[in-house]
Amino acid sequence: MDKLKVNETIQEVRTNLALELEMAKDEGRKVVGCMCSYFPREMVWAADAISVGLCGTTEEPIAAAEEVLPADQCPMVKATYGRSISGTCPIFPLADCIVGETTCDGRKKMYELLAREKPMHIMELPQKPEDKEALVHWTAEVKKLKGFLEEQLGVEITDDKLRQAIKEVNEERRLLVEIHRCRMEHPVPVMGVDLVGLTTKFGYTVDREPYREKLRDLLAELKRRIRDKEFACSPDRPRILWTGLGNSLGCDKVLKLVEDCGGVVVCQEGCGGITRIEDMVDEEKDPIEAIAERYLRVTCSCMTPNTTRFNDIDRLIKEYRIQGVIDLTWQFCHTFNIESYRVGELVKEKHDLPFLHVVTDFSQSDAGQLRVRVEGFLEQIAQVN
Ligand code: SF4
Ligand code: SF4
């Protein structure tokens, strides 16, 4: 069996995690549900609790959500809410409390309903990260989060515990960065869809050291494959940069399609990708300030201007020798949808590369049409090269 393939579905991965969580809870540990890359998970680990992602990434819970939410909401908002109210998510009932952030409007308003299900804390996220007041405000929000968690979990989150958690999560980031950077090789040692599956699966974890051990094993295997010239695909496959959304196990239908049609995704920007792990929390500073600084640098399209995201995409195109860029937006996600125009400008005008913007949801209803578009995009790359 290929060590780099994930054969479980996301539902199976979540069910396995739920069993581990139940055992951990029997031993007195607490569980905090989180929703977004702005959530400073070091705070949870510093409280000796467990942080689990509760974002919806599959179609099944959407019907239940649409009984309450309008249908014209992004599938991520609907699936996240649906997971919580439909009884389809094995993890949600185990969360002792939930933390959300004011990123997009859909999430923010959905959280008001979600708050009926569990104790919930909302962090108010500034939307102009380059203003100096933004950091002052966000630092205060991180402090408020600390207070909420201490009260909910019945513990004190000390600076020493925070420093330790920062070190450990940074170590995980360093390992993940090295793993992702193995794909600078040509051809790559792992397909994009397999790496997404592995990193999603490993991320559903109760204990940190076994998680780091899995990352170390994966890194060693990738390095071995590079050394032994055991590549994941032929050198003819065009090297694709993935930007925007849709690169996690469960909501990877377009990513799969791209690799089925003959491309290879060698780098992902954004949530689930390299730009969410390259940035470390400063280990020398006051831990709360360092956490606030680091998390305010997340480059979600809810920010304006979102300058760093464009600098990142520009850099990644060069670092990973990219031949084409695919930008994915979930239906009804206004911020990523509008920002895609500028991503396209950067890719086409500055780098003279083919660019494909896909707007879709979690269903398979547009699979045929998407295949035609992806094939056309790969054909365009073949003509340029
Ligand atoms: S895309 Fe934005 S709102 Fe969605 S998880 Fe990432 S940071 Fe959060
Ligand atoms: S995809 Fe867009 S609309 Fe959906 S939750 Fe993320 S930021 Fe909000």
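**A four-stranded sheet and its surroundings**

This predicted model holds an open sheet of four strands in the order 2-1-3-4, with parallel pairing. Local features need pLDDT of at least 70, and side-chain atom pairs count only at pLDDT 80 or more. Residues are numbered from 1 along each chain as its sequence is written.

Student: Which strands stand at the edges of the sheet?
Tutor: Strands are DSSP runs of E with at least two residues, numbered from the N terminus. Two strands pair if DSSP finds at least two bridges between them. An edge strand has a single partner strand, so one side of it is left without a neighbour in the sheet. The edges are strand 2 and strand 4 (120–123).

Student: By how many degrees are neighbouring strands of this sheet turned against each other on average?
Tutor: Axes are lines fitted to C-alpha atoms, with angles from 0 to 180 degrees between N-to-C directions. For this average, direction is ignored. The value is 25 degrees.

Student: How many bridges join strand 1 to strand 3?
Tutor: Strand 3 covers residues 97–101 and runs parallel to strand 1. Val-32 stands opposite Cys-97 in strand 3, and Cys-34 stands opposite Val-99. The number of bridges is three.

Student: What is the bridge partner of Val-32 in strand 2?
Tutor: Strand 1 and strand 2 (residues 50–53) pair in the parallel sense over four bridges. The partner of Val-32 there is Ser-51.

Student: Are the residues of strand 1 buried or exposed?
Tutor: Buried means under 20% relative accessible area, exposed over 50%, partly exposed in between (1.4 Å probe, protein chains only). Val-31 and Gly-33 point one way from strand 1 (residues 31–34), and Val-32 and Cys-34 the other way. In a regular strand the side chains alternate between the two faces of the sheet. All of these strand 1 residues are buried.

Student: Which residues form the aromatic pair?
Tutor: Rings of Phe, Tyr and Trp (its six-membered ring) pair if their centres lie within 6.5 Å; planes under 30 degrees apart count as stacked, over 60 as edge-to-face and the rest as tilted. A search of the whole structure finds one pair. Its centres are 4.7 Å apart, with 85 degrees between the planes, making it edge-to-face. The partners are Trp-330 and Phe-362.

Student: How many residues apart in sequence are the parts that this pair ties together?
Tutor: Trp-330 lies in strand 7 (residues 324–330). Phe-362 lies in the loop between strand 8 (355–360) and helix 14 (367–384). The pair therefore ties together parts that are apart in sequence by 32 residues.

Methods:
Chains lettered and ligands numbered in written order. Heavy atoms only, no water.
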